[in-house]
Every structure is written in C-alpha cells, then in structure tokens.
Amino acid sequence: MSNRIRVGVIGSSFGAEVHIPGFQSLPEYQVVGIASGRRERAEATARQFGIPFATDDYRELLARADVDMVSVATPVYLHHPVTVDAFAAGKHVLCEKPLALNRQQGAEMLAAARDSGKAHMVNYELRFLPGRQKIKELLDAGYVGEPRMVVGEFFGPFKGMHGRDVPWDWLAVRSLGGGFFGAKGCHYVDLYRWWFGEVTGVYATLETKEPLRKVPGAEQWRPVETEDCFIVMLRTERGVQGTICVSRVVRHGTGGRIMVYGSEGTLILTDEGLLTGARRGDKRQEPLLTPGQMPQAGITGAGPQVAFPRLAREMARAIREGVRVAPDMEDGLRAQEVTDAIFRSSAERRWVGLPLEP
Amino acid sequence: MHNGVVGVGVIGTGWGTAIQAPSFIRTPGCKVVGIASSRRERAEAAARQLSIPFATDDYRALLARDDVDLVCVTTPPYLHHEMTMAALAAGKHVLCEKPMAVDRWQAWEMERRVRETGRIGLIDFMMRFVPARAYMKELIAGGYLGVPYWVHATHFLGFHGLAMDDVPYDWVARKKYSGGMLGRMGCHFIDAFRWWFGEVTGLYAELDTRAKTRPLPDGSGVREADSDDSIWCSMKLDNGAMATLVVSAAVRHGPGFRIEAYGSEGTLVLENDGPLLGARKGDARLAELPVPARLLSPAEKEDRRLRAFVPWARRVVDAVREGQQITPDFRDGARCQEVMDAIHRSSETRRWVGLPLESRRGFVQGGSST
C-alpha cells in the first residue's frame, strides 16, 4: 500500500463523480483526503468513498504530509489559486480543464509547475476515449493522407437537459469561469491541437439563447451570463481547418460526431463510439471500431468515467518516472490561449491570429 | 403563346439537356421548341435525343423565334447576365439557373430589368420543390421550432470516393467563370435559409481551394484549380437565429448533406434523401414526419433532380401562362447573390460583413427603380 500515490481531491461535484472513483479503480492511487467549500459535501463524499480526511479548507489538505498529489476539480475560477498553492506546498497537480480563467493565470500556473519540479497534467481526459485514440493512430499512419478539415458537432441535450431546464449554477456566471465553451468546447480545441498541431487563428461566435435559468428549489429565475451555444472556425499549423459547432439549447438533437477529412480518406466518429472510415478506392465507409468491439469508444454515457483512469495512469507515470506526459499544463495553457482568442474573436467579430501578444 | 401552350427555349446543353428540357417535355401546357449551345453538335445531338424541332449555336437565333415564350438560361454563371438581358429585350420570360449572376451588380440590374419589362423572371432554386424541404417550410412557418435558434447545414461530397482532386477540369474549376462550390451547392443552402427564416444580416466566411489541381479531361496531365471547393460560413439571420454552412468537395466518401434546425420548442433534421425527422417538446425522440401527399412530387420515384424539377416546371409553366409572377424570383436570386458577394468579401478581409451591402449611387437594391 505504501507505494501508492496519495491523492487529495479538491471539489466534490465532478471530483466525486469522476475523479475519486477513477483513482480508486487504479492500483497506483489511494485517495486520502477530500476538500469542498461546503463542509457537509466534503464529509458526505468522504463517507461515501471511505476517505479518511475531509475539510472545507483546501489549504488544510495541502498542509498534510501524507498527500503527494492533488486533483483540482473546483469551479474554474479556483483553479489558479488552488494549483499555485498546491505547487508551493510541494504537491503534484492534476487540474481540471479549462486550465484557468485566462492565459495570464494559465502562464502563472505553468511557471509554478516548472518552478516546483512536480508532475502536472490537465484533465483533457477525452483524448483517452478509444475512438479518439484510434483516430490519432490512424492519422499518424497517414490514413487520411494530408489532413484538410475536421468538423466537431454536438447538438445536445447535454446530460439529458435542454439549456432552459438546467438549474442555475456557477456555469451561468462569467467571473466564475462558467459557460458551455469551457464545459464542452475546449475539449475540441485540445483534440484538434493533439491531432493537427498548434492553432494559428480562430473565428468564433458565442451566443446565449436561453438567458434565464431556474434557481434550484426556488420559483425564481436568474440571468445567464455565459454562452449556451457556439461556432468556432480555426486553422492549425498543419493547414487543417477545424470547425466546432456546439449547442446545449437543443431538446432533441443529432448528438455528436467528429468528421476528419483528408486528401486520401475520411474518418467519422460518433459520440456513441461508432468509428467509420473510407479511403480512395474503397467502396464505402466501413466500421473501424464499433461500440460492440470497443465499448465506450465514444463519449455518450460514461465517457469521462472510462477516459479518466487512462489519463490518471499517465499522471502516475509522470510522478513515478519523472517523464513528461500529455496533456500537461503547457497543453492546458496552449488551449487556454486559443480559448482567449475565441472569446476575443466573438467580441470583435474578426479573425484572431495566434499566438496572442504576451 | 400558341393556343395557350408555352413555348420553351433552352440555352445550354448540360443541365438544360439532362434535367430541364426533359422535365418541360413531360409538363402539360408547354412545348420545348428550341435548344441553343455554343457547340452546334451538342445542340443538334440534344435536339435529336429529345425531339426538339430547332437547334442552334447562336442563342440569339433562339431569342428571335416567335414560338419561344420562356427562355431557360442554363449556361455557366458568367453568361447569365448577358443572355437574360437579351432574352428580356426580346420580350421573353426567363428562368435563369442559379447562381443568378457573377455579382450583385449584375443580379440587381437583371432584377430591375425584369420589373421594367413586366416579364416573368424566375431563378432555378429548384431545391425548394424537394417535398421534404417544402414541408419544412410549412412546419417552420407554422411555429414548429418555436423561436429559431440555429440552422446548421453541412455538405460533404466525395461520392464514390472521388474528391475534387479527381474531377476532370472544366469551368467549375475556374474562379473567373464563377465556378466553385459556393455557386454550385452553397447558394441552394443560402436560398433555403432565406426562404425558411428570413434575410441574412451579416456573416463571416472563408472560401478555400483544397484540391489544388484537377486532371485534364484528355488525360494529358493536371491543371491548377482556383475556384472554391470548400466553404465555411457563419451567418446571422434577421430573426436572430444563427446559421452555419460547412461544405467541402475536397473530400472522399463524405456523408452528403445534413440540415439541422433547432429552436426553443422543436427540432427538424433532413439528411440527404430523408426522411424528414422532427421532434417537439414532450416528444420522446426525433421521428419521421411524413410529408403530406399534396406536397409530393409527380416524379417522386425518379432521379432526385427530376423529383424537384418536375413540380417546379409545372409552376413555371403555369406562371408564364397566367402572367403571374411567383417565387423564387429575380429578387430572391439577387438577395442570394448579395450574400455570396458578402461571403467573398468576408473571405478576403477575414472580417464580419454586414448585409445588405452598399448600393450604387442612384440604384436602390430591390426597391423601386430610381
């Protein structure tokens, strides 16, 4: 037991839903503490998962000598202070995506990571879904030839809920790092960077179609400051045009699919995990992976629960072997820069080139 | 008009011979009386094949004939303006292929001339007559979607695994002849967005040529292409909805097209030949919305292009016979042309372009002539 990595999880929503069960499913880890801004949530989560220590002050968790690593699953506005404090306390850090509120915060987090010499990752776990891994493999093997276009679409209801029916929460507040782009869109940015290289420019439109949401437990509506749908067009250094079209203000939608087009072939992955492909000379699109062959190849259902442990294993490798793994905070910062450019483009209605000025 | 029968003259032997002339031939109340092509042998072959009495390599000879009431202009877009203006001057009604012209200046001039002459002027946005699309129009107008939020259209070609890189070189590869996918496919989607939802008030777009070369038809090599084979466009409509258009022909084995329309209360999805899918609040899932029989085409079981064009041809003939202007008309064509011009401008400047675009001095777009 003693050689397990001892983890403290900060945040009891996604932390309890995905991080804790993920760590507990792996022999590399032991979850030793949980922090949540709401003490009763921290204690309930500790009871539920048999975690010995619970606190409503994450600094108490960071002060513990028996914590090797922290997993930051708080609302986005807390990522920066918690992560910087964690590195200062000598912990390895796995931080939820998006990395921060903006690239300045992200740069400080990466600098803190480097100064500390500790291992770091950002939880772009969807890279580790089997369908997306398979696409990476096929792209590297030249399946599509020279890649030309990638189109990512998601027409939800996200988690089964039309935007209007989603209870009002921090995701509705800009200053807390809310918004559906941070929830869903930045995953595509990470994916496109991973597959096709750095983003060289963007055009984006972010909109709020449902401006009010109901406060849980009260017959009261509160304003939504953040986007519930968005269109992003981008280009990468390898000449690929990327498109992201996402909406959660959809009651019945087509779900999600990612289409990759190149000079020689095409790959299409649905969110259910059906991956088909065809190349020059083929008769038609044929399945390359099906949900039957590879359960959870897609994101529908328990996508994050399937993908997270695979990312956590990489984190363990980084800690134990001192190697650089991906996606780390440098990847997180690059994606953050693209995100900042996307918001700027939407505000200024023009193409925004990358990298942005320092 | 002889005995109430509309005489149809067709200019162009590509689309004209494949779809338009055969559709008019089977349409009651009209007769295809002549065909023109700059290549005489093509005109004569088409005339023989379709039993059309008159063939010429000079479209003006067709316009000079008394038995021609309606002229179908099915040539490449750079010829539409000249031929349409000549047809109107000769007192003919005109059905002009889409895209209407090379730019909005030509298009609005044609639109003004048709009003001045009192002739019927129609643009061949025949996709409006695809039964599922006509039904979408009715459903949207009836409030099926609630407040429209977003209409998203994708079209990825590459049928039989052939990308634009493999398509023989012709005028479509040339920008100067208004070739490219925006004119070929994109304008149908623009027309659909306008027809279903309202005018485009602004857009951002990028046009690309991803397949850099095309094989020469004689197999002697390849030639550089400079027209767009890929379209990216994000638009805003006057009802507040967003519209997106993502198209590429520089792909292999694409899934074809899909149009998804989302609103506060409902969703409509049409993928290729259908069926039309829809769901509203309270429904369990997207399900087929059967198209009412009254909207089905007389050519329902045939080639998808005939399925749309045959009912359209009937309306065109009725409009000419009754002297009744219908839509899609030259105004629709010119509005669409404006959006296309804005797409080109946005693609060149990489900025959002508001619509309508500026008009020339002393020339009011779409309004009464000054």
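**Close-ups of a predicted two-chain model**

**View 1. Where chain B meets chain A.** In this predicted model, the contact draws 37 residues from chain B and 37 residues from chain A. On the chain B side, the elements giving two or more residues are β7 (148-156), β8 (200-208), β11 (230-237), β12 (242-248), β13 (256-263) and β14 (266-271) of chain B. β7(B) hands over the largest share of that side, five residues. Sort the chain B residues that touch chain A by class and you get 16 nonpolar, 10 polar and 11 charged.

**View 2. The two domains of chain A.** Here chain A is split by the domain assignment into domain 1 (5-118) and domain 2 (127-306 + 336-353). Their C-alpha centres sit 26 Å apart. Domain 1 of chain A puts 14 residues into the contact, and domain 2 of chain A puts in 12 residues. On the domain 1 side, α1 (14-24) and α5 of chain A are the elements that give two or more residues. The largest share there, three residues, belongs to α1(A). By class, this side of domain 1 of chain A has nine nonpolar, three polar and two charged residues.

**View 3. Helices α5 and α9 of chain A, packed together.** Zoom in on α5 (residues 103-116) and α9 (residues 329-348) of chain A: they pack at an angle of about 170°, with their axes 9 Å apart. That angle is why α5(A) counts as roughly antiparallel to α9(A). From α5(A), the contact uses A:Arg103, A:Gly106, A:Ala107, A:Met109, A:Leu110 and A:Ala113. Facing them from α9(A) are A:Met329, A:Glu330, A:Gly332, A:Leu333, A:Gln336, A:Glu337 and A:Asp340. The mix in this helix pair is six nonpolar, three polar and four charged residues.

**View 4. Helix α9 of chain A, end to end.** The 20 residues of α9(A) should span 28 Å at 1.5 Å a residue, and the end C-alpha atoms are indeed 28 Å apart. Of those 20 residues, 15 are buried, so α9(A) is largely enclosed by the rest of the structure. Just after the helix, A:Arg349 takes a positive phi of about 55°.

**View 5. Helix α5 of chain B and its neighbours.** Over in chain B, α5 (residues 104-117) has 14 residues and reaches 20 Å from first C-alpha to last, close to the 20 Å expected at 1.5 Å a residue. Its buried residues are B:Arg104, B:Gln106, B:Ala107, B:Trp108, B:Met110, B:Glu111, B:Arg112, B:Arg113 and B:Val114. These pack against α4 (80-89), β6 (121-123) and α9 (330-349) of chain B. Right after α5(B), B:Gly118 has a positive phi of about 70°.

**View 6. The two domains of chain B.** The assignment for chain B gives domain 1 (6-127 + 310-329) and domain 2 (131-296). The C-alpha centres of these two domains of chain B are 26 Å apart. Each contributes to the contact: nine residues from domain 1 of chain B and nine residues from domain 2 of chain B. The domain 1 side breaks down as eight nonpolar, no polar and one charged.

**View 7. B:Cys30 and its surroundings.** B:Cys30 is in strand β2 (residues 30-36) of chain B. With 25 other C-beta atoms within 10 Å, B:Cys30 is buried, because 20 or more is what burial takes. Leaving aside neighbours within four places in sequence, B:Cys30 is in contact with B:Val5, B:Val6, B:Val8, B:Phe24 and B:Val317. Take B:Val8: it lies 22 residues from B:Cys30 along the chain, yet their C-alpha atoms are separated by 6.9 Å.

Conventions:
Residues numbered from 1 in each chain as written. Chains lettered and ligands numbered in written order. Predicted model: local features only at pLDDT ≥ 70, side-chain atom pairs only at ≥ 80, totals over all residues. Contact = placed C-beta atoms within 7 Å. Helix = DSSP H or I, 4+ residues; strand = E, 2+ residues; numbered from the N terminus. Nonpolar A, V, L, I, M, F, W, Y, C, P; charged D, E, K, R; others polar. Expected span 1.5 Å × (residues − 1). Buried ≥ 20, exposed ≤ 12 C-beta atoms within 10 Å, placed from the backbone. Domains from an automatic or database assignment. Axes fitted to C-alpha atoms, helices over the stretch in contact; angles between N-to-C directions. Parallel < 35°, antiparallel > 145°, perpendicular 65-115°, else oblique.
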